[in-house]
Amino acid sequence: MWRDYSSGLLKNNHTSVLSVRVSAFISALLLSLLCGLFYNMWKYEVERIEREEGGWHSRLIGEISDKDLEVIKNFGNVKDAVRNESEENSADLYFYDLRNVFSDTQRIAKLVGISPEKAVYNYPLLAMYLIRDSRDTAPRLVFPMFIIIMAMASMSLVVIIHNAFAVSMNARVHQFGIFSSIGATPRQIRTCLLQEAAALCAVPVIAGNLLGIAGAMGLLHMTNVLLAGGVAGRHKAVFGVHPLVLAGALGVTVVTIWISAWLPAKKLSRLTPLEAIRSTDELQLKRRKNSPILARLFGVEGELAGNALKAQKKALRTASFSLALAFMAYTMMQCFFSLSGISTRETYFERYQNVWDIMVTVKDAGADIFEETKAVRNLAGVKDAAAYQKASAKRIITEEEMSEDMKAFGGFSHASGEFVTKVDSGWLVNAPILVMDDESFLDYCKQIGIAPRLDGAVIRNQIRDVTNPGFRHPDFMPYLKQDDLEKESVSILRQSGNEQVTAEIPVLSYAEEVPALREEYAALDYYELVHFIPVSLWEEIKGQTGGGESDFYIRVIGKENAALEELNALQDQIEQLLSRKYTVECENRIQEYETNRSQIWGMMTFFGALCVLLALIGIGNIFSNTLGFVRQRKREFARYMSIGLTPEELRKMFCIEALAIAGRPILITLPPAVLAAGYMLKLSYVDAGEFLAEAPLMPIIAFMLAILGAVGLAYFLAWRNVRRISLAEVLRDDTMM
């Protein structure tokens, strides 16, 4: 009997069947699409970090013998341990369980006799697995932002199927009352409804999941074309789907459909036969509630609209939820990208605008690259070029050397053991060496007003106030005492990892001004003491300091106000000149700016589309209810008209309902959106006035008006049907009872 009833229902109720199938298909499609996109975004970011930083999880710096390496490999949670080729006296560790990376690395360091402070962690990579540590001060907001937006989108999609089932099942309460009166048990009714749900949704769910994966593949291809084209060093995103992602998307959809069908089925199966038979489609309140705000603002029509909205509360739950999430996500997205744009512009593009036009990274080069810089300088269109190499060293700072300003904020008391080590004579700090070609170093000496010489170093005598967390506008002060600078004649550099090996170099000057290079100093380690030296001096001491990095850098400045086409042509000349002997990567300042703008636009388009999708789900629910409840509310409208309510007053009531439905989610989400924006301001250290001057008010207002317009259109179409009601026909129609 149930089979015949369900099959007959599916054949004869095309509208309800189509509504459920479309809801299931759309939900499966979007959940699968979101899961596929999110997984590939995560995968791409992990690949990028592994290419740029390496796939290691932690690194131990110090003397590690082959026996120690075997001990590390035999540690339970260690997947592999290899010597680092680019940095001497260090080993890279790979773990099985990333949750224990920090604690296990500390144990391993003690096991092989290395100070735990010598451990370095791949924070960007670990953050992609949601493994964070208090020593990692970087906000790393992009990945959590992905999770928040995807979670909000998924939560909104979960609700839509439940609403479709509830509308379909509630329309048949009268029928189930008859079945119950002739002996059908609640379990049989519930089983029938769940079987119908399975029959209706099996094909749409499978088709939706497959199409969602295909859609994710297409969007990833579009992203490659939009964002990755022509950007030096950027690897192409390769689409992939982990079986767990596919199974997870399918499982979430199936569970959602089962819960969505089970909830209304359980409710209907518990109705007594008399309750079910007497059930009416007319919207009713269980108990009357006043709507003081609407009544005070709009009078009687506001009170009636408030009661109608309360009666439709469950039916419009999806709409309210989706619109609130959509507006919240869109506002947060706009604020996030506005803050990101301000931060990138101030800390990168504007800061280095006059420092570089083309940046060349020469892979695995030798010291002869400094000679090649002369050929680069002679190219047409080159105003200046500087080659440099980076190296690491250590230096001891004594109590007497520290400036009074530095002592005032606590000296080294705030320093992390990862960067500063207390020794008997003072503190052992990092002393990075920046090796410049001789000509550029001589120009730098002239820049700071000292006699040009190649037999010594210039030391950056500057440290930021570490008690001020604002990284955007830090307070700088002298690192070493000004009175002692003239007396200091040599700087004793120590080899990293083997501090007993030293090199004495003359100090030409202590300066606060740095060379015009695209470099940031003391960004992570506030206590590092940077040394600038010429390559001729470096050739004499590199055996004692332990050598430098394998990559070299050439900073090129083009002609004044050079256009993108001119820089591109110059970049091609440099690549042709150097690529014969070396592997090179080039960056173009203007191209970098355009690429960054394209990337931001692409990401905003993507996330904006997700927010629009959320809003469309809610708006679709509103259209469904407003166009469908006309039949259910005919008797309600007839009552209002019978007591003297005019069509104009009914129309006003509709307008109030539309305004309340669209305005409520906006008003609810504005305070948390403002708080979220304030929190992002706090994290980014952007002044509120600066943000307000560039706040994305117009896009947010446009999104708000679009929601109001769509809801207003739905109620306008419903009003067109309502105004055709015949009072006499409705009151005579007993089926409305």
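Biologist: How many aromatic pairs does the count come to in this chain?

Modeller: The model is a predicted one, and the pairs in it are taken from rings of Phe, Tyr and Trp whose centres lie within 6.5 Å. By this rule, the count comes to 14 aromatic pairs.

Biologist: What kind of aromatic pair do Tyr-444 and Phe-532 form?

Modeller: A pair of aromatic rings is described by the distance of the centres and the angle of the planes. For Tyr-444 and Phe-532 the centres are 5.6 Å apart and the planes are at 65° to each other. Because planes over 60 degrees apart count as edge-to-face, the pair formed by Tyr-444 and Phe-532 is edge-to-face.

Biologist: How many residues apart are the two partners of that pair, and which elements hold them?

Modeller: Tyr-444 belongs to helix H16, which spans residues 438–447, whereas Phe-532 belongs to strand E16, which spans residues 531–534. The pair therefore links distant parts of the chain, its partners being 88 residues apart.

Biologist: Is Phe-532 buried or exposed?

Modeller: Buried means a relative accessible area under 20%, and the relative accessible area of Phe-532 is 0%. Its partner Tyr-444, with a relative accessible area of 2%, is buried. By that cut-off, Phe-532 is buried.

Biologist: Which parts of the chain does the pair of Tyr-521 and Phe-532 tie together?

Modeller: The ring centres of Tyr-521 and Phe-532 are 5.6 Å apart with the planes at 90°, so this pair is edge-to-face, and both residues are buried. Since Tyr-521 lies in the loop between strand E15 (498–511) and E16, and Phe-532 lies in strand E16, the parts tied together are eleven residues apart in sequence: that loop and strand E16.

Biologist: Which ring has Arg-464 over its face?

Modeller: Among the charges placed over rings is Lys-422, which lies over the face of Trp-427 at 4.9 Å from the ring centre. Arg-464, in turn, lies at 4.5 Å from the ring centre of the residue whose face it covers, namely Tyr-526.

Biologist: Why are the buried residues of helix H17 on the same side of it?

Modeller: In helix H17, residues 535–545, the buried residues are Val-535, Leu-537, Trp-538, Ile-541 and Thr-545. They are placed on the same side of H17 because the arc they cover around the axis is only 125°. Glu-540 and Gly-543 are exposed on the other side. The value that answers the question is thus the arc of only 125°.

Biologist: Which residue follows H17, and what is the sign of its phi?

Modeller: The residue that comes after helix H17 has a phi near 100°. The residue is Gly-546, and the sign of its phi is positive.

Biologist: Which element gives the largest share of the largest nonpolar core?

Modeller: This core has 60 residues, of which Ile-622, Phe-691, Phe-703, Val-711 and Tyr-715 touch the most other members. The elements that give two or more residues to it include helix H2 (14–52), helix H13 (317–349) and helix H21 (647–684). With 13 residues, the largest share comes from H13.

Biologist: How many residues are in the other core, which includes Leu-537 and Ile-541?

Modeller: Leu-537 and Ile-541 are among the buried residues of helix H17. They belong, along with Ile-369 and Val-376, to a core that lies apart from the largest one. The number of residues in that other core is 34.

Definitions and conventions
Residues numbered from 1 in each chain as written. Predicted model: local features only at pLDDT ≥ 70, side-chain atom pairs only at ≥ 80, totals over all residues. Heavy atoms only, no water. Buried < 20%, exposed > 50% of the residue type's maximum accessible area, 1.4 Å probe, protein only. Helix = DSSP H or I, 4+ residues; strand = E, 2+ residues; numbered from the N terminus. Arc of directions from axis to C-beta. Phe/Tyr/Trp six-rings, centres within 6.5 Å; stacked < 30°, edge-to-face > 60°. Lys NZ or Arg CZ within 6 Å of the ring centre and 35° of its normal. Core = buried A, V, L, I, M, F, W, Y, C linked by side-chain atoms within 4.5 Å.
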